[in-house]
Amino acid sequence: MSSCLLSILLLCSSVGVSLAAVTFLQPLTIVVSLDGFYYKYLERDLTPNIIRLRDEGVSAPYMINIFPTKTFPNHFSIATGQYAEDHHVLDNKVFDPILNKTLGYSEDLFTKGKSTVPFWIVNEKSGNNKHSGVMMWPGGDFKYQGSLPTHGKTFEWNYEFNKRVDTVIKWITNSSAPANIVFLYIEEPDSSGHKFGPNSVELNNTLRKVDDTIAYLETSLKNNRVHNYNLIILSDHGMTSVSLEKVIDLTKFLTNGTYDFDTATPILGVSPKKGFEEEVAEKLKKASSQEGSNFSFYRKDDIPDEWRYKKSFRAPPYLLVAKHGYVFNDAYETIKEYASYAKRNLTPNSIFGLHGYDPSDKSMLPIFIANGPSFKRKHTVKPFKSVDLFSLFAHLVGADIRSYSHSGDFRRVADLLAVQADGKSDASPGFSAPSIYLFMFACWIGFGL
Ligand SMILES: [Zn+2]
């Protein structure tokens, strides 16, 4: 093998091709997140391009996301391979007991996981000439291990999807620092799902729109002569219908001034005021066990282990989780906002969309589709966990992730790959079929020199 490598180096130097160029022949990886794309939306036959990529490539019926099924926690788990209790992004808005304040989208929200490193940083640290591009992906704006990705853009509402694609193409074709992996975030169909509900005409129109964005991405790559790429299309969670007819009014059970609420419907953190710890717990416990209560109550230690949530220093003393389709009092404000953004009249039975419920609720499940030279064709795999993607990305770009802390398992995603890799290794070199053929071809020429 070493003589083969030497031959390649000799060949490269003799024909003036840099080793960087050889490395670049490994397929580019593009990860597109379509926020809130519920896996059953594909059955509506409104997304011909996504369906073609699925049918010709490899897919899972759905992906298993993390608790809570909210946007920031799930996007960050996809990027880091960690659950919420390790990366500490417990929700889109979280009370931090050390900083003693509620955090929205901010550096403080994303950067408190001691061993948390998003893959776009891992990629760049895994070798020379590796450059990541992060287009509006939640958490992409902040430094981890002292670094930012080479290419990045902060989230901007209403920034046209095609313009995002144009920028991504510039990163990929950048002559001095071409991106070898890109994370591209699109806030639809989540936004339309919230404002109009998952079964609305507006949502269906948005499905067509995001499908057009995928087609535009493929056309743009082709027009820029980028052919050697793996395209992954995924989402963070699903969506279900809610209305103000199904509000759980917690104020009926609690005494004003004895508690604070934190995080957002359909899960609610409760912090009792000093001296009211047992009173608040007992009242919530009693209310949740009444017939028809439609929510569960947990003291921090009793939160289910499998949610991988309670060990975070930000986990609230008590947690309430609404049952499917139900919402807590804070939904009045949230739904009023959705109605106002959508310019809709608000009545008790107006339908809106919500997510965040337990991931065992199938309406919360997201999509996973992959297409490209590294993946099997016309193949379906068993559902796997979104935290497993970290080791898949490592395989695709050839990064050694043994020194990183993550909860994924490469064996659960190995069946996606065209060339069977060493299932026990998280550090598999990530040679795709075309790069292996190129390698063999180079060896063949190299030996003939
Ligand atoms: Zn989302």
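How many helices and strands are there in the chain? In this predicted model, the chain holds 14 helices and 18 strands. It comprises 449 residues, of which 46% count as buried. Many contacts span long stretches of sequence. Among those between residues at least 6 apart in sequence, 74% join residues at least 24 apart.

One sheet was examined strand by strand. This open sheet has 4 strands, in the order β11-β12-β14-β13. The pairing is antiparallel. Its edge strands are β11 and β13, the latter covering residues 295–299. Each of these edge strands pairs on one side only. On average, neighbouring strands of the sheet are turned by 25° against each other, direction ignored. In general, the strands of a sheet pair through backbone hydrogen bonds, and they do so either parallel or antiparallel.

The pairing at one edge involves β11 and β12. Strand β11 spans residues 259–262, and strand β12 spans residues 267–272. The two run antiparallel and are joined by 4 bridges. Asp260 has Ser271 of β12 as its bridge partner. The strands β11 and β12 form a hairpin, with 4 residues between them. In this hairpin, Thr263 adopts a positive phi near 60°.

At the other edge, β13 pairs with β14. Strand β14 is made up of residues 318–322. Here 5 bridges connect the two strands, again in the antiparallel sense. Opposite Tyr298 stands Leu319, a residue of β14. As a general rule, side chains in a regular strand alternate between the two faces of the sheet.

A helix accompanies this sheet. Helix α11, formed by residues 277–289, lies across β11, β12, β13 and β14. Relative to β13, helix α11 runs at about 150°. With an angle over 145, α11 counts as roughly antiparallel to β13.

A packing of two helices was examined next. Helix α3 covers residues 48–56, and helix α10 covers residues 201–223. Their axes are 7 Å apart and meet at an angle of about 60°. Helix α3 is therefore oblique to α10. On the α3 side, the contact is made by Pro48, Asn49 and Ile50. Helix α10 contributes Asp211, Ile214 and Ala215. By residue type, the contact of α3 with α10 divides into 4 nonpolar residues, 1 polar and 1 charged. The nonpolar residues are Pro48, Ile50, Ile214 and Ala215. Asn49 is the polar residue, and Asp211 is the charged one.

Methods
Residues numbered from 1 in each chain as written. Predicted model: local features only at pLDDT ≥ 70, side-chain atom pairs only at ≥ 80, totals over all residues. Pairing = 2+ DSSP bridges. Axes fitted to C-alpha atoms, helices over the stretch in contact; angles between N-to-C directions. Contact = placed C-beta atoms within 7 Å. Parallel < 35°, antiparallel > 145°, perpendicular 65-115°, else oblique. Buried ≥ 20, exposed ≤ 12 C-beta atoms within 10 Å, placed from the backbone.
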